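Me: I should like to take a close look at one part of this protein, the neighbourhood of its hairpins. Could you describe that part in detail, and then explain how it is connected with the rest of the chain?

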Amino acid sequence: MSSTRKRLFIKTYGCQMNVYDSERMRDVLAPLGYEPAEEPDGADLVILNTCHIREKAAEKVYSELGRLRPLKDEKAASGGMTIAVAGCVAQAEGAEIMKRAPVVDLVVGPQTYHKLPELIAQAHRARGEALDTEFEVEDKFDRLAGERQVEGYSAFVTVQEGCDKFCTFCVVPYTRGAEWSRPVDQIVAEVRGLAAKGVREVTLLGQNVNAFHGAPPSGREADGAWGLGQLVRHIALIGGIERIRFTTSHPRDMDDDLIAAFADEPKLMPYFHLPVQAGSDKILKVMNRQHTAAEYIAIIERLRAARPDIAISGDMIVGFPGETDADFQATLDLVREVNYASCFSFKYSRRPGTPGAAMMGQIDEAVKGERLAVLQDLLNAQQVAFNESQIGRTLPVLFEKPGRQDGQLHGRSPYLQAVHVEAPAGMIGQIGDVIIERASRNALAGRLAGGERSAA
């Protein structure tokens with residue numbers, strides 16, 4: 001353990017996988033004496049953990065680097081500042097970043113951030129640059145096997161990385177590599193460590209998390225690779241873990257065992273995120289989604305048969321190349337049939353290096369904007385209706401932290417809704433029954449089943 005205390009600031013862009021990766025970067029750097037900083041101004045090391053999903057993602061990174069340059073210059077005389085670019089933009093454009101932004105000392109891809117200590121030392125020795133964007137996912141998790149720092153009562157755990165689907169709008173296969181699953185023993189050890197530190201809820205992460213096929217636990221090699229349903233049931237046996245979630249899934253990887261897990265494992269929360277992206281079979285084919293709208297609907301029906309109270313979340317893209325008014329109408333029809341509890345929706349944006357970026361029939365931005373507004377009006381109405389349907393119900397809520405008002409606690413329902421309740425601070429970290437009294441699009445409010453009133 002280093003005796004020299006240094007300050008670390010990490011700015012995280014994008015998905016929950018990046019949030020997890022940023023947490024693990026802090027773990028890797030803690031033995032070197034790095035403590036978290038709230039702002040980059042006082043930091044000795046600044047890491048931009050980037051996402052390459054949106055158009056102009058790299059330009060946003062360069063803009064942030066431009067803002068950091070004066071800070072680095074100011075600190076040059078007092079010990080200096082090291083700047084690193086990590087994540088998917090680093091993976092896709094590592095050499096270009098080094099060339100275009102001299103302020104950057106090192107670039108590290110999402111599969112090699114476990115090497116940060118060596119890369120920092122290399123950059124300091126050379127008083128220059130260090131670059132590592134290799135795909136070494138198995139080595140990464142072997143090196144990250146140590147204890148995690150924990151904040152709060154919910155935690156992410158990566159169980160699967162990469163993607164083999166090659167949707168034509170997506171850069172993940174190019175920045176995260178092929179699908180790869182962690183061994184069950186390694187995942188269980190991480191979850192047990194989290195439980196020992198008070199974590200009550202874990203969310204299993206993967207680019208295609210339901211494609212998980214991990215090596216079975218020691219002594220059960222004859223089982224062959226385990227699927228996600230088996231993993232969920234196994235994690236549910238760990239003492240202290242009361243809630244399990246997972247994200248993000250792909251319709252092609254849904255199997256009977258995973259659907260059955262929603263019926264027979266009460267610790268698996270009744271909230272399922274399953275992106276569809278479009279309701280038109282023509283557009284789904286051009287997207288290379290490898291499923292039809294009818295196949296997606298059939299999965300939803302099977303899930304609801306297994307767990308009638310399940311809430312469905314999804315992702316939608318409007319304005320993909322070639323999308324007609326009829327194609328967009330098919331998306332609206334699918335949304336009405338599914339009736340989402342929540343759904344993320346976006347205008348299509350060109351991701352550099354993807355097939356979709358070069359397709360003919362790009363849609364005018366104004367048309368995309370109009371379609372997105374119509375879709376979001378429908379999705380918002382569905383979300384409000386779902387939240388209002390909870391009024392009068394008693395829901396178990398995991399209390400996570402103080403609320404914005406005195407005497408108020410903030411928690412999460414089984415459906416991932418924010419819930420605000422007047423409750424004693426001693427309930428933080430506990431699960432308590434809440435009678436829901438009010439609902440908005442973004443949150444619920446209620447009172448403890450024991451009788452305490454909620455804050456507004």
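Reply:

**The hairpins and their surroundings**

Strands S15 and S16 make a hairpin in which five residues lie between the strands, and in its turn Gly407 has a positive phi of about 80°. The model is a predicted one, and the values that follow should be read in that light.

Let us begin with how the two strands are joined. S15 covers residues 394-402, and its pairing with S16 is antiparallel, with four bridges. One of the residues involved is Lys401, whose bridge partner in S16 is His410.

The next hairpin is made by S16 and S17. Here, too, five residues separate the strands, and Leu416 has a positive phi near 75°. S16 and S17 run antiparallel and are joined by five bridges. Two of the residue pairs can be named: Gln408 has Glu422 as its bridge partner in S17, while Leu409 has Val421. S16 thus takes part in both hairpins. The strand is also mostly covered, since four of its five residues are buried.

These strands belong to a wider arrangement. Five strands, in the order S15-S16-S17-S19-S18, close into a barrel with mixed pairing. On average, neighbouring strands of this sheet are turned by 50° against each other, with direction ignored.

To see what the hairpin region meets elsewhere, it helps to consider the aromatic rings. The whole structure contains six aromatic pairs. In one of them, Phe169 and Phe320 meet edge-to-face, with 6.4 Å between the ring centres and 80° between the planes. This pair joins distant parts of the chain, as its members are 151 residues apart: Phe169 is in the loop between S8 and H6, and Phe320 in the loop between S13 and H12. Phe169 and Phe320 are both buried.

Another pair leads directly back to the hairpins. Phe386 and Tyr415 are arranged edge-to-face, with 5.4 Å from centre to centre and 90° between the planes. Phe386 lies in helix H13 and Tyr415 in the loop between S16 (408-412) and S17 (418-422), so the pair links parts of the chain that are 29 residues apart. Phe386 counts as buried because its relative accessible area, 18%, is under the cut-off of 20%. Tyr415 counts as buried for a corresponding reason, because its relative accessibility is 4%.

Helix H13 has a further neighbour, namely a second sheet. This sheet is open and has three strands in the order S12-S13-S14, with parallel pairing. Its edge strands, each pairing on one side only, are S12 (271-273) and S14 (342-347). From one strand to the next, the twist averages 15°. S12 pairs with S13 (residues 311-318) through three bridges, and Ser313 in S13 is the bridge partner of His273. Helix H13 (residues 365-388) packs on this sheet and touches S13 and S14, and its direction makes about 175° with that of S14. In this way H13 touches strands of the open sheet and also holds Phe386, the ring partner of Tyr415.

Turning to the interior of the chain, the largest nonpolar core has 66 residues, of which Val202, Leu204, Ile235, Phe246, Leu303 and Tyr340 touch the most other members. Beyond its neighbours within four places in sequence, Phe246 has contacts that include Leu204, Val232, Leu258 and Phe272. A separate second core has 24 residues, among them Val46, Val61, Val89 and Ala101.

A last residue to consider is His250, in the loop between S11 (243-247) and H9 (256-264). His250 is buried because its relative accessibility is 3%, which is under 20%. Its contacts beyond four places in sequence include Lys165, Cys167, Arg289 and His291. Gln207 is 43 residues from His250 along the chain, and their C-alpha atoms are 8.8 Å apart.

Finally, some care is needed in reading the model. The chain has a mean pLDDT of 90, and 92% of its residues reach 70 or more. Over residues 451-456, however, pLDDT stays under 50, although the model has 23 contacts for them beyond four places in sequence. Where this confidence is low, the predicted coordinates should not be read in detail.

Key: Residues are numbered from 1 along each chain as its sequence is written. This is a predicted model: local features need pLDDT of at least 70, side-chain atom pairs count only at pLDDT 80 or more; totals for chains, interfaces and linings use all residues. Side-chain values use heavy atoms; hydrogens and water are left out. pLDDT is the predictor's confidence in each residue, from 0 to 100. Contact means heavy atoms within 4.5 Å. Two strands pair if DSSP finds at least two bridges between them. Axes are lines fitted to C-alpha atoms, for helices over the stretch in contact, and angles run from 0 to 180 degrees between N-to-C directions. A nonpolar core is a set of buried Ala, Val, Leu, Ile, Met, Phe, Trp, Tyr and Cys residues joined through side-chain atoms within 4.5 Å. Buried means under 20% relative accessible area, exposed over 50%, partly exposed in between (1.4 Å probe, protein chains only). Rings of Phe, Tyr and Trp (its six-membered ring) pair if their centres lie within 6.5 Å; planes under 30 degrees apart count as stacked, over 60 as edge-to-face and the rest as tilted.
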